[in-house]
Amino acid sequence: MTDFVKLTYGDKIYRLPVVVGSEGEKAIDISKLRQETGFITLDPGYANTGSCKSNITFMDGEKGILRYRGIPVEQLAEHSTFKETAYLLINGELPTQKQLNQFSVLLNDHSLVHEDMQFFYLNFPRASHPMGILSSMVNALRSFYPELQNLEEEINITVTRLLSKVRTMAAMSYKIARGHKVVYPRPDLMYCANFLNMMFDSPVRPYIIDEDVVKALNVFWILHADHEQNCSTSAVRLVGSARVNLYAAISAGIAALWGPLHGGANQAVIEMLTEIAETGGNIKPFIERAKDKNDPFRLMGFGHRVYKTYDPRAKIMKKMCDKLLSKFNIHDPLLDLAQELEAVALKEDYFIEHNLYPNVDFYSGIVLRAIGIPTNMFTVMFAIGRLPGWIAQWKESMDDPHWKLGRPRQIYTGPLERGYVPIHHR
Ligand code: CMC
């Protein structure tokens with residue numbers, strides 16, 4: 001039996017259906033609100049708005065829970081690979097060995113990037129940010145790989161192309177930016193090892209693949225693989241709702257992820273820690289600035305719209321950070337600063353009262369530094385990781401029988417109607 005919420009306005013009572021998710025999350029269905037009452041809702045930043053029903057990812061921000069298709073991210077980080085997790089997110093179930101092998105073959109078959117795309121890369125100014133390049137190049141893929149006639153084949157091939165080529169394109173952009181020869185993907189290497197090889201192999205110093213680094217990259221990408229209706233995923237769904245091709249929708253997601261309040265925070269954290277180090281290593285003034293209402297400065301890598309406790313991804317990232325640095329005997333002074341900053345912030349009333357804890361981006365930059373990834377490519381690494389989530393969410397929205405073009409409303413607060421005044425009378 002459907003439960004209802006009663007909305008009373010004047011002498012009228014409206015009954016709004018209650019929707020309950022599989023984990024007991026409750027929503028009020030307002031899809032007929034305007035039609036029945038003439039009202040819309042106002043919710044800046046959509047903090048209280050469910051834009052869709054989804055069976056991909058479950059998060060509980062109070063308890064610090066994150067599950068993909070029901071499986072805790074901790075278990076996936078420990079036992080799975082990024083490729084297998086990508087399959088799970090996109091297809092809904094973990095693959096059998098045969099399905100995983102077929103998926104690997106497809107990824108290999110589509111790993112090359114059209115040679116002509118190199119000319120595009122060569123013509124970006126050298127100082128271009130890799131996220132801007134990636135967003136443009138993903139959009140450009142549609143011109144190189146036009147639509148296929150069979151819809152199912154089109155979707156499957158486009159998905160595989162994206163997963164495989166984005167990794168090649170990211171490494172290619174790094175090599176070209178450095179003026180080095182591009183390293184091609186190798187069919188004998190697994191997804192993460194292949195990426196590392198394309199990034200770091202060179203004729204003068206062959207890249208030696210280390211299993212712990214490969215594992216760290218797998219975990220890094222698994223932790224970023226989906227996060228339900230965040231800013232970039234909502235961008236992918238919204239842009240996709242206009243029925244654009246998948247490349248264009250993903251390109252929009254990459255652009256949204258670039259922002260420092262979202263995926264760009266991993267780069268911003270390292271820049272903030274570097275600034276602290278360069279100004280003498282005293283964290284106090286930075287904490288004071290973060291608390292000051294009149295200062296726009298925020299502690300990067302802290303806080304989250306949904307998590308009001310320690311981000312479960314940050315816990316895993318921190319452990320991995322310790323493991324990697326100790327294995328390679330790396331002493332990263334920025335890690336010391338990050339730990340000190342965390343310890344001080346977590347004891348400050350401001351951070352306690354505002355429920356501000358480290359998020360995934362706080363320690364991820366230190367992991368990426370240990371792997372050898374340059375700072376300006378951190379958000380590209382996030383984007384490669386988030387790709388399966390964007391694809392899964394896009395597919396789900398395409399299959400939704402209640403699909404609608406994304407088109408919010410507004411409350412207009414501008415001037416009332418007034419006449420045009422010719423320029424000589426102004
Ligand atoms: N440092 C200082 N104050 C903060 C911070 C921070 N990092 N984050 C939030 N606040 C304060 C904010 O000033 C506000 O205070 P008050 O209520 O007194 O005015 C309050 O906390 C609520 O902030 P909000 O901006 O309304 O909350 P939100 O849910 O929109 O913010 C956030 C989420 C991620 C944008 C924000 O926490 C932030 O800017 N963090 C730093 C950037 C960052 O690390 N982003 C990565 C997020 S995780 C990766 C991802 O999934 O995208």
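Below, two colleagues talk through a predicted model of a protein chain with a ligand.

Colleague: Happy to look at this with you! How many helices and strands does the chain come to?
Modeller: Glad to help, and please keep in mind that the model is predicted. Taking the secondary structure of the chain as a whole, the tally is 18 helices and six strands.

Colleague: Which radius of gyration does the chain have, next to what the globule rule gives for 426 residues?
Modeller: The C-alpha trace spans about 80 × 65 × 60 Å along its principal axes. For 426 residues the globule rule gives 22 Å, and the chain comes close to that, so it is as compact as a globular protein of that length. The radius of gyration of the chain is 23 Å.

Colleague: What percentage of contacts between residues at least 6 apart in sequence join residues at least 24 apart?
Modeller: Some background on cover: buried residues make up 48% of the 426 residues, and the chain exposes about 22,800 Å², with carbon and sulfur atoms supplying 54% of that area. As for contacts between residues at least 6 apart in sequence, the share that joins residues at least 24 apart is 72%.

Colleague: On to the ligand, then. Which residues come nearest to the ligand?
Modeller: The shell around the ligand splits into nine nonpolar, six polar and five charged residues. Of the 20 residues around the ligand, those that come nearest are His-262, Arg-298, Leu-299, Arg-305 and His-354.

Colleague: Which residue has a polar side-chain atom 2.9 Å from a nitrogen atom of the ligand?
Modeller: Let's go through the polar pairs one at a time. A polar backbone atom of Gly-301 is 2.8 Å from an oxygen atom of the ligand, and an N or O atom in the side chain of His-354 also lies 2.8 Å from a ligand oxygen. The pair with a ligand nitrogen, at 2.9 Å, involves a polar side-chain atom of Tyr-350.

Colleague: And what percentage of the area that the ligand exposes when taken alone does the protein bury?
Modeller: The starting point is the ligand on its own, which exposes 930 Å². Of that area, the protein buries 76%.

Colleague: Is Tyr-46 buried or exposed?
Modeller: Tyr-46 sits in the loop between helix H1 (33–37) and strand S4 (57–60), and its phi is near 50°, a positive value in a residue other than glycine. Its relative accessibility is 53%, and the cut-off for this class is over 50%, so Tyr-46 counts as exposed.

Colleague: Where does Arg-243 lie, and what is its relative accessible area?
Modeller: Arg-243 has a positive phi of about 65° although it is not a glycine. Its place is the loop between helix H10 (231–240) and helix H11 (246–257). Arg-243 is partly exposed, and its relative accessible area is 41%.

Colleague: Which helices are included in what covers the buried residues of H8?
Modeller: Helix H8 runs over residues 191–200, and 10 of its 10 residues are buried. Among them are Tyr-191, Phe-195, Met-198 and Phe-200. The cover over these buried residues includes helices H3 (82–91), H4 (97–109), H7 (151–177), H9 (211–224), H17 (360–371) and H18 (378–399).

Colleague: A charged residue caught my eye. Which side chain does a polar contact of 3.4 Å join to that of Arg-313?
Modeller: Arg-313 is found in helix H14 (residues 312–327). With a relative accessible area of 2%, against a cut-off of under 20%, Arg-313 is buried. Its touching partners, leaving out residues up to four places away in sequence, include Leu-66, Tyr-307 and Arg-386. The polar contact of 3.4 Å joins the side chain of Arg-313 to that of His-227.

Colleague: What distance separates the C-alpha atoms of Met-300 and Asn-266?
Modeller: Met-300 lies in the loop between helix H13 (284–291) and H14, and it is buried, with a relative accessible area of 15%. Beyond residues up to four places away in sequence, Met-300 touches residues including Pro-260, Met-272 and Phe-362. Met-300 and Asn-266 are 34 residues apart along the chain, and their C-alpha atoms are separated by 8.0 Å.

Colleague: Last one, with thanks! What is the relative accessibility of Val-236?
Modeller: Val-236 has its place in helix H10. It touches Ala-249, Ile-250, Gly-253, Trp-390 and Trp-394, not counting residues up to four places away in sequence. Val-236 counts as buried, at a relative accessibility of 0%.

Note on methods:
Residues are numbered from 1 along each chain as its sequence is written. This is a predicted model: local features need pLDDT of at least 70, side-chain atom pairs count only at pLDDT 80 or more; totals for chains, interfaces and linings use all residues. Side-chain values use heavy atoms; hydrogens and water are left out. A residue is near a molecule or strand if one of its heavy atoms lies within 4 Å of it. A polar contact is a pair of N or O atoms within 3.5 Å; within protein, one must be able to donate a hydrogen and the other to accept it, and residues adjacent in sequence count only if both atoms are side-chain atoms. Accessible areas come from the Shrake-Rupley method with a 1.4 Å probe; for residues, only the protein chains shown count as cover. Ala, Val, Leu, Ile, Met, Phe, Trp, Tyr, Cys and Pro count as nonpolar, Asp, Glu, Lys and Arg as charged, and the others, Gly among them, as polar. Helices (H or I, at least four residues) and strands (E, at least two) are DSSP runs, numbered from the N terminus. The radius of gyration is taken over C-alpha atoms; the globule rule is 2.2 Å times the number of residues to the power 0.38. Buried means under 20% relative accessible area, exposed over 50%, partly exposed in between (1.4 Å probe, protein chains only). Contact means heavy atoms within 4.5 Å.
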